[in-house]
Amino acid sequence: MTKKVIVPDKLSEDGKKVLTDHGFQLIEVPGTTPENILKYGKDADGMILFVDQIGEAVISQMPNLKIIARHGVGYENVDLQASQQHGVWVTITPNANASTVAETTLADIFDLSKHLTTVTTEMRKGNYGYPLTHLGFDLAGKTLGILGYGRIGHWVAKKASALDMRILIHNRTPKESPYGTFVDLDTLLAQSDVLTLHLAATPATKHIIDRTALSKMKSSSVIVNLGRGSLIDEQALIDALKNQTIAGAALDVFETEPLPQDSELFKLDNVLLTPHIGSSTIESFSRMATDAANEVVRVLDGEQPKWPVNQVK
């Protein structure tokens, strides 16, 4: 019997080709929401998942399901306990998007330092005097703080090493880097002119940037978050931006996604907002789709996955 795999219809064609080349039937859905999964693919053997939530209520109704392959590195949207109980592997694509997210991080840093987006917006309104009252700042000679030194943090440090910035790094597990100096968290917060977050979402990292942490930062500093929304106490950040406890922020991830339209963040002119697009390039999406599809192939062919985040007996 032909095995079926649920995939988002926006999945890169490269990933779809991997699956069809192995004889699998694709069930393409406009979004991998619980409703779509159960409506179109209740009998699926595998699934490639973007950022939609999936848990016991769905997994328990899919008797043939053997793998949920995440299109990316985060997996907090998947109930690992329910997956394991039902014998379903959960995998990620750890090598596919790290360099891309690092590039987007640098793009945000450049934007914040030169007010590119706000200047462009004001120019379109005919406000050519805006840049004179909203001067940017040089990156050379400033301190870049990197919180979290996994794959993405490493790539940020490597790429940023060409910017003539002093690089400080804090990581829960001590490591070595040719690009920067490891320091404790308080030092990182106090000395960073630009602080960028690259931690996984865990109970230990939830709201690691809270009111206390923000109060330790320079009033001229900016914060960049392409990690996970839970790393920052969002209301504390809003208050800090309003009160100019810090000068600005660039946020690609939020505690609730998509960011609610009534969020106070939309009212602030010192924050750059993007809708979780840190890895949104043609090349990165191709790599993530291909890696996720290959994990599906391995599991449905009876092999062990290469990048599991749970264990199945």
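This passage describes the sheets, helix packing, loops and internal spaces of one protein model.

The model is predicted; local features require pLDDT of at least 70, side-chain atom pairs count only at pLDDT 80 or more, and totals for chains, interfaces and linings use all residues. Residues are numbered from 1 along each chain as its sequence is written, and side-chain values use heavy atoms, with hydrogens and water left out. Helices (H or I, at least four residues) and strands (E, at least two) are DSSP runs, numbered from the N terminus.

One open sheet is built from 5 strands in the order 2-1-3-4-5, with parallel pairing; two strands pair if DSSP finds at least two bridges between them. In general, strands of a sheet pair through backbone hydrogen bonds, either parallel or antiparallel. At the edges of the 5-strand sheet stand strand 2 (25-29) and strand 5 (89-91), each with a single partner strand, so one side of each is left without a neighbour in the sheet. From one strand to the next, the twist averages 20°. Strand 1 (residues 4-8) runs parallel to strand 2 and is joined to strand 2 by 5 bridges. Within this pairing, Pro8 has Val29 of strand 2 as its bridge partner.

Two helices lie against this sheet. Helix 1 (residues 13-21) lies across strand 1, strand 2 and strand 3 (46-49), and runs at about 150° to strand 2. Helix 12 (residues 282-300) also packs on the sheet, where it touches strand 1, strand 3, strand 4 (67-70) and strand 5, and its direction makes about 165° with that of strand 4. Here contact means heavy atoms within 4.5 Å; axes are lines fitted to C-alpha atoms, for helices over the stretch in contact, and angles run from 0 to 180 degrees between N-to-C directions.

A further open sheet holds 7 strands in the order 8-7-6-9-10-11-12, again with parallel pairing. Its edge strands are strand 8 (181-182) and strand 12, each of which pairs on one side only. Strand 7 (residues 166-170) and strand 8 run parallel and are joined by 2 bridges; Leu168 stands opposite Thr181 of strand 8. Helix 8 (residues 151-160) lies across strand 6 (143-147), strand 7 and strand 9 (194-197), at about 165° to strand 6. Helix 11 (residues 234-242) packs on this sheet as well, touching strand 10 (222-225), strand 11 (248-251) and strand 12, and its direction makes about 140° with that of strand 11.

Two loops show notable backbone geometry. Asp164, in the loop between helix 8 and strand 7, has a positive phi of about 60° although it is not a glycine. In the loop between strand 11 and strand 12 lies Pro258, which is joined to Glu257 by a cis peptide bond with omega of about -5°.

Helix 5 and helix 6 pack with their axes 6 Å apart, at an angle of about 55°. The two helices, helix 5 and helix 6, are therefore oblique to each other (angles under 35 degrees count as roughly parallel, over 145 as roughly antiparallel, 65 to 115 as roughly perpendicular and the rest as oblique). In this contact, Phe110, Asp111 and Lys114 of helix 5 meet Leu116, Thr117 and Val119 of helix 6. By class, the contact has 3 nonpolar, 1 polar and 2 charged residues (Ala, Val, Leu, Ile, Met, Phe, Trp, Tyr, Cys and Pro count as nonpolar, Asp, Glu, Lys and Arg as charged, and the others, Gly among them, as polar).

Helix 5 (98-114) and helix 6 (116-124) also take part in a pocket. The second largest pocket has a volume of about 660 Å³ and is lined by 29 residues, of which His115, Ala247, Gly248, Asp269 and Asn270 lie nearest its centre. Two or more lining residues come from each of helix 5 (98-114), helix 6 (116-124) and strand 12 (271-273), and helix 6 gives the most, with 4 residues. On a 1 Å grid over the protein atoms alone, a pocket is an open set of points with protein on both sides within 12 Å along at least five of seven lines, whereas a cavity is a set where a 1.4 Å probe fits but cannot get out; lining residues have an atom within 4 Å of a point. Grid points are joined across faces, edges and corners, and a volume is the space filled by probe spheres set on the points.
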